[in-house]
Amino acid sequence: VQLVESGGGLVRPGGSLRLSCAASGSFFSPYTMAWYRQLPGQQRECVAYMTSGGRTAYAASVKGRFTISRDNAKNRLYLQMNNLEPEDTAVYYCSVKDENDYWGQGTQVTVSS
């Protein structure tokens with residue numbers, strides 16, 4: 001299984017970005033797909049996840065601003081991020097967990113004026 005993130009970049013506060021994660025390979029159900037973020041010197045934080053059954057959950061800091069979704073036909077996971085804040089600046093990682101843990105290489109999101 002390989003995961004490749006894209007869509008990061010520099011955006012002004014209040015702006016939006018959509019991250020995309022392209023997945024290749026097969027997962028064993030049940031599985032969970034998630035977006036994490038990490039700042040230098042800090043632990044990786046789960047921002048949002050979606051189970052194979054479609055249940056979603058969000059970190060309190062992003063609830064109401066971020067939306068996780070997936071396109072099964074394209075084997076892609078998305079994270080729509082609206083009303084971005086400087087505190088959202090981090091490297092964002094895509095993750096899939098079934099019997100194993102898979103991670104992408106990360107994409108940088110910088111929120112700054």
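This is a short guided tour of the structure above, with a suggestion at each stop for what to select.

**Before you start**

You are looking at a predicted model, in which local features need pLDDT of at least 70, side-chain atom pairs count only at pLDDT 80 or more, and totals for chains, interfaces and linings use all residues. Residues are numbered from 1 along each chain as its sequence is written, and side-chain values use heavy atoms, with hydrogens and water left out.

**Stop 1: the whole chain**

Show everything as a cartoon. You will find 11 strands and zero helices; here helices (H or I, at least four residues) and strands (E, at least two) are DSSP runs, numbered from the N terminus. The radius of gyration is 13 Å, close to the 13 Å from the globule rule for 113 residues, so the protein is as compact as a globular protein of that length. That radius is taken over C-alpha atoms, and the rule is 2.2 Å times the number of residues to the power 0.38. Along the principal axes, the C-alpha atoms fill a box of roughly 40 × 25 × 25 Å.

Now switch on the surface. Its accessible area is about 6100 Å², and 46% of that belongs to carbon and sulfur atoms; the area comes from the Shrake-Rupley method with a 1.4 Å probe, and for residues only the protein chains shown count as cover. Of the 113 residues, 38% count as buried. Buried means under 20% relative accessible area, exposed over 50%, and partly exposed in between (1.4 Å probe, protein chains only).

**Stop 2: strands β3, β7 and β8**

Select residues 76-81, which make up β8. Which way does β3 run beside β8? Strand β3 (residues 17-24) is antiparallel to β8, and six bridges join the two. Strands count as paired if DSSP finds at least two bridges between them. For one bridge, pick A22 and look across to its partner in β8, R76.

Next add β7, residues 66-71. This strand also pairs with β8 in the antiparallel sense, over six bridges. Click on I68 and you will see L79 of β8 standing opposite. Together β7 and β8 form a hairpin with four residues between them.

**Stop 3: two asparagines in loops**

Stay at the hairpin and select N75, in the loop between β7 and β8. This residue has a positive phi of about 55° although it is not a glycine. Is N75 buried or partly exposed? At 29% relative accessibility, N75 counts as partly exposed.

Then move on to N83, in the loop between β8 and β9. N83 has a positive phi of about 50°, and it is not a glycine either. With a relative accessible area of 45%, N83 is partly exposed.

**Stop 4: two buried residues**

Select V109 in strand β11, residues 107-111. V109 is buried, with a relative accessible area of 0%. Leaving out residues up to four places away in sequence, V109 touches several others, including L17, L19, M81 and Y92; contact means heavy atoms within 4.5 Å. Try a distance label too: the C-alpha atoms of V109 and P86 are 9.7 Å apart, while the two residues are 23 apart in sequence.

Finish at S95 in strand β9, residues 90-97. S95 counts as buried, at 5% relative accessibility. Which residues does S95 touch, not counting those up to four places away in sequence? Among them are L3, M33, Y36 and W103.
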